[in-house]
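Dear colleague,

Please find below the structure that I promised to hand over. My notes on what was found in it follow directly after.

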Amino acid sequence: VRAGTWRQRGYADVAALVQERAGLVPPAHVETVEEGIDRAMVRAGLADLRAYRERLAREPELLDDLLVELTVGETYFFRTPEHFAFVRDVVLPEVAQRKGPGGTLVAWSAGCSSGEEAYSLALVLLEAGWGGRMRVLGTDVSRAALARARAATYGEWSLRGPEAGRMRPHLRAEGKRYVLDASLRERVELRYLNLATDRYPDPAAGLAEVDVLFCRNVLIYFDGPTITSVVRRFHDTLAPGGYLVPGPSDPSPAAHAPFEPVLADWGVVYRRRSNAQHALLPQPASRPQPLPQPLPLPRRAPSSPLPAPRPAPPGVPRLARPEPPPPALPSPPPRSSPDGGLHEAHAALRSGEWGRAARLAGTVAGGGDEAGAVLHVRAQANVDAAQAARTCAEALRRHPLSVELRHLYALLLLGQGRAGEAAAAARQALYLEPELVVGHLTLGLALRRAGDREGAARALRTAEALARRLSPDAAVPLAEGELAGALAEAAARQRALAEGAGG
Ligand SMILES: C[S@@+](CC[C@H](N)C(=O)[O-])C[C@H]1O[C@@H](n2cnc3c(N)ncnc32)[C@H](O)[C@@H]1O
């Protein structure tokens, strides 16, 4: 939010106080913030911004009331259904094994809004037979949302998701509204909690040893320091082996606490390592990660999707780039150091010595270096694309959160005609980096190849829109030097093809 655009300085002061107390980054549109503040001031019976700010600083209830204006409470039953399937198929069996037959499962919906998420979790546990040994908590900073959650009376809008209908048998129609059965309602404990405070973990209040913590579409509202402190407290509130499930567009928690990322084909969840795993860091291999298995690749002639040094058509990222190494790379250090190896590998790649580049980068990658792994895959792609895909799948086990490797994998699969798998890999890259322009582009190309023209057009439209947000001559991340303007044009052309008769 740019201070210069506020109608009055007082609004900026109020927004600054909200950020200080709740870690909340105000919505990007100044007008939206100002209108929200205006409405909250009317409710507080005040017309003067300075007086309002002073009372805000002293009265937590007023701050809560304002937060309602500055966050969105949008939610619905069984939103992102994969997360609930994950609880049923992975979390419950693991907890059963860990805690034994008498153990109680604790689930927490942090930022539950009007309760749909917490009630969906409760239903999953009940259906799986955990009725006698479950606790489901729902917390939010919005007292208004909590009141709606307690009333548990919903409209059609709460049932709009693809799997929201699973809740219908537990809803009784009353006019145009639906009332949730008491049998489900009383399964969820609803409480006020501002996540930006240090009120958790709190064993005395039952906020500890949580087995599965849904905090979806909440972290996006927080500023950097608040994300860090919230994620650390989440980590400490989970039981060892417990899972944090963020929303698809939330920032990744892995950068802030020692979680073990667990990648499914629909996205990533984060597991608190068991104590034994902690002792083994940085090689916590006691439990296989449910990463996508690299399928055996058919041996074929090298068919890197877009081999270098042949210039790729605009908008289509190349795998190996005959370009100078990134500027961050230092001048060649001694030959024996990993950086030296990486530098030499870059030089070999530049001069077209792909076999040598692959060998050199492979040595660096073997030492656990992500940049080396990327280079290794790129170099191999020019020699044997099928082998490169295998190397890439292997590297992804060591670097599950590498967006670049994930995207490279999508490209390699696409180059081999494995469009469905390529689309899945591109989606995973986008899960990690929702605004990755080339990710949407690759997804679009893969979906088009797989025959999903509508999905392809959607992804390509997103790629174009994201690229157009940049200045036309701006470089685009992972686009191999391709500029935003050219990428946008390419995405538009590909979309026209996807929408056209030929698909
Ligand atoms: C978009 S809703 C998410 C609801 C649900 N988790 C979902 O994904 O469908 C965001 C919720 O986060 C809550 N929230 C925002 N800041 C918060 C804070 N500091 N502490 C607790 N909840 C907060 C809002 O009140 C709102 O109900």
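A nitrogen atom of the ligand lies 2.8 Å from a polar backbone atom of G111, which satisfies the cut-off for a polar contact (a pair of N or O atoms within 3.5 Å; within protein, one must be able to donate a hydrogen and the other to accept it, and residues adjacent in sequence count only if both atoms are side-chain atoms). Side chains take part as well: an N or O atom of R79 is 2.7 Å from an oxygen atom of the ligand, and an N or O atom of E117 is 3.0 Å from a nitrogen atom of the ligand. Taken alone, the ligand exposes 600 Å², and the protein buries 99% of that (accessible areas come from the Shrake-Rupley method with a 1.4 Å probe; for residues, only the protein chains shown count as cover).

Please note that this is a predicted model, in which local features need pLDDT of at least 70 and side-chain atom pairs count only at pLDDT 80 or more, while totals for chains, interfaces and linings use all residues. Residues are numbered from 1 along each chain as its sequence is written, and side-chain values use heavy atoms, with hydrogens and water left out.

Around the ligand there are 20 residues, of which T75, R79, G111, D140 and N217 come nearest (a residue is near a molecule if one of its heavy atoms lies within 4 Å of it). This shell divides into eight nonpolar, seven polar and five charged residues (Ala, Val, Leu, Ile, Met, Phe, Trp, Tyr, Cys and Pro count as nonpolar, Asp, Glu, Lys and Arg as charged, and the others, Gly among them, as polar).

The backbone also deserves attention. Most residues other than glycine have a negative phi, and most peptide bonds are trans. T80, however, has a positive phi near 50°; this residue is found in the loop between α4 (60–70) and α5 (helices, H or I, of at least four residues and strands, E, of at least two are DSSP runs, numbered from the N terminus). T80 counts as buried because its relative accessible area is 18% (buried means under 20%, exposed over 50%, partly exposed in between, with a 1.4 Å probe and protein chains only). A152 likewise has a positive phi near 50°, and its place is the loop between α7 (143–151) and β3 (153–154). At 0% relative accessibility, A152 is buried. Finally, a cis peptide bond, with omega about 0°, joins Y200 and P201, and P201 lies in the loop between β6 (188–192) and β7 (210–215).

Yours sincerely
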